[in-house]
Structure formats: structure tokens, C-alpha cells
Amino acid sequence: MTGPLENKIALITGAAQGIGRAIAKRLAADGAHIAVADIDMAGAQRVVDELTETGRRAVALKCDVSEQESVHLAVRECEDSLGGLDIMINNAGVAQVLPLSDVTPADLNRLTAINIGGVLWGIQASAESFIRRGVRGKIINAASIAAHSGQPIFGVYSATKFAVRGLTQSAAQELARYGITVNGYSPGTVDTGMWEEIDRILSERDGVPLGESFAKQAAQITLGRPETAEDVAGFVAYLAGPDSDYMTGQSPLIDGGMLFV
């Protein structure tokens with residue numbers, strides 16, 4: 001029995017750990033071959049080893065999403081190594097826990113370069129590949145619950161994720177004539193290394209035990225448990241597959257019921 005993504009080729013940025021790794025594993029389980037793109041090559045290779053054990057083809061690609069040429073090069077290397085590209089998942093991103101009054105130009109530049117620039121360069125590079133090869137590809141971007149509701153002490157992060165929604169909507173309209181769809185996904189409180197770091201910062205700032213801030217966030221989830229990376233990956237697999245072919249320009253919440261908008 002073949003999967004819904006049998007022999008499709010997907011490039012996933014930030015796939016060495018967390019949500020990106022879970023997406024890579026889920027898409028491979030659905031039949032795709034995977035380019036694991038990350039700045040952490042050791043971590044990327046570990047994910048590749050996991051994927052090849054399942055019989056899928058996979059390659060680790062060095063990619064700094066804050067640099068336009070690095071992302072374009074990763075797409076070209078994916079084509080050369082795996083024979084094409086059908087699905088681009090712009091997953092890489094960084095968070096920041098800081099009041100707006102304390103944000104520095106360096107903070108702003110870093111988050112903008114990675115969270116906005118990384119998505120823009122991924123849209124550019126994959127769209128060029130799809131159009132050149134006549135592929136009706138799919139572009140999928142990492143937004144966030146913070147892309148739908150501004151959050152205190154996450155102000156710049158939230159602003160970058162609102163920007164991802166804007167890029168998703170604009171790209172969907174620009175690329176529709178080529179048969180390319182562009183969508184996003186908006187996770188909530190996910191039990192990954194990113195939230196461990198956020199929890200550590202909040203613990204130091206507020207003088208509370210480790211884990212307490214995460215537990216308070218998780219307590220707001222209607223479904224009654226923290227979100228897992230696999231929860232997110234399941235939704236991304238839908239966006240990557242044929243059942244979402246008539247969907248474009250959207251960045252739905254996948255948060256277990258935290259926001260109702």
C-alpha cells in the first residue's frame with residue numbers, strides 16, 4: 001500500500017529537531033523522500049539516518065535560512081541529490097521572550113532575518129524551482145498562535161509570525177496561476193526544545209520553578225494536554241498531501257483549542 005506522498009520530494013528547513021524533525025518523519029512515513037535542511041549538520045544527519053532506516057531516501061543539507069543564497073542553494077542541492085522538489089516546508093524559526101521596551105536592533109534584525117527572511121527566501125527558491133520544472137508544488141510556512149493574537153513579552157516574535165501570514169496570503173495569490181498552493185500552520189504550546197528554553201527564561205525572570213510557566217500555558221488548552229510535535233506534523237502532512245489541493249493562502253490554528261478566532 002502506497003502513502004499519499006509516495007515518491008514526492010520534500011525539503012524541510014529547521015528539521016534537525018523538534019517540529020521539523022517530526023514533520024520529516026511523518027512525511028517520510030507517508031511516502032516522501034526528504035531533504036533535511038538545517039544549520040546544525042550533525043542533528044540533520046541524525047534525522048537522515050532515522051529516515052533512511054525506514055527505506056526512504058534522505059539527505060542532510062547545510063542551510064542558514066537568514067541568508068537568501070543559502071536557501072536557494074539548498075533547493076538546488078535538493079534537486080541534484082533527490083531528483084526534484086515537490087513540497088517546501090519553511091519551518092525554521094526562533095522565539096524571543098522580551099518586553100518591547102527591552103528589544104535591541106540586534107534582536108529585531110535576528111528575528112526578522114530568520115522568521116521572515118527565511119520564509120521569504122524559501123518561497124522564492126521553491127517557486128523558482130516549481131515554475132522552471134512545471135511542478136504544481138506546495139509551499140508550507142510555519143506561523144504560530146502568536147500570528148493570530150499578539151502576546152505580551154513575545155511582541156517581536158508575534159510580529160514576525162503575523163508577517164508570515166501576510167507572506168503566505170500574498171504568495172498564494174501570486175503563485176496560483178502556476179498551480180502552486182501556499183499555506184501555513186499555526187501551532188500553540190508545543191512540548192519541544194523551544195518551549196523548554198522559553199520556560200527557562202520565564203523561570204529566571206519570574207522566580208518560579210522550572211516547568212511552571214509551561215504548565216500554566218498548557219492549562220489553557222481546551223483538549224487538556226500539551227501539544228506534541230507529532231500533532232503539528234499530522235496537520236502539515238495534510239497540507240502537503242492531495243486532500244488540501246483546493247486550499248491556499250490559509251494559516252489555520254492547530255493548537256488544541258487555545259484561541260477561537
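**Exercise 1. In what order do the 7 strands form the open sheet, and is the pairing parallel or antiparallel?**

The model is predicted: local features need pLDDT of at least 70 and side-chain atom pairs pLDDT 80 or more, while totals for chains, interfaces and linings use all residues. Residues are numbered from 1 along each chain as its sequence is written, and side-chain values use heavy atoms, leaving out hydrogens and water.

*Step 1.* Strands are DSSP runs of E with at least two residues, and helices are runs of H or I with at least four, numbered from the N terminus. Two strands pair if DSSP finds at least two bridges between them.

*Step 2.* The order is S3-S2-S1-S4-S5-S6-S7, with parallel pairing.

*Step 3.* Strands S3 (58–62) and S7 (253–254) are the edges, each pairing on one side only.

*Step 4.* Within the sheet, S1 (residues 9–13) and S2 (residues 33–38) run parallel and are joined by 5 bridges; Thr13 stands opposite Ala37 in S2.

**Exercise 2. Describe how helices H3 and H4 pack.**

*Step 1.* Two packed helices are described by the angle between their axes and the distance between the axes. Axes are lines fitted to C-alpha atoms, for helices over the stretch in contact, and angles run from 0 to 180 degrees between N-to-C directions.

*Step 2.* The axes of H3 (residues 68–82) and H4 (residues 105–133) come within 8 Å and cross at roughly 35°.

*Step 3.* Contact means heavy atoms within 4.5 Å. From H3, Gln68, Val71, His72, Val75 and Glu79 meet residues of H4, including Trp121, Ser129 and Arg133.
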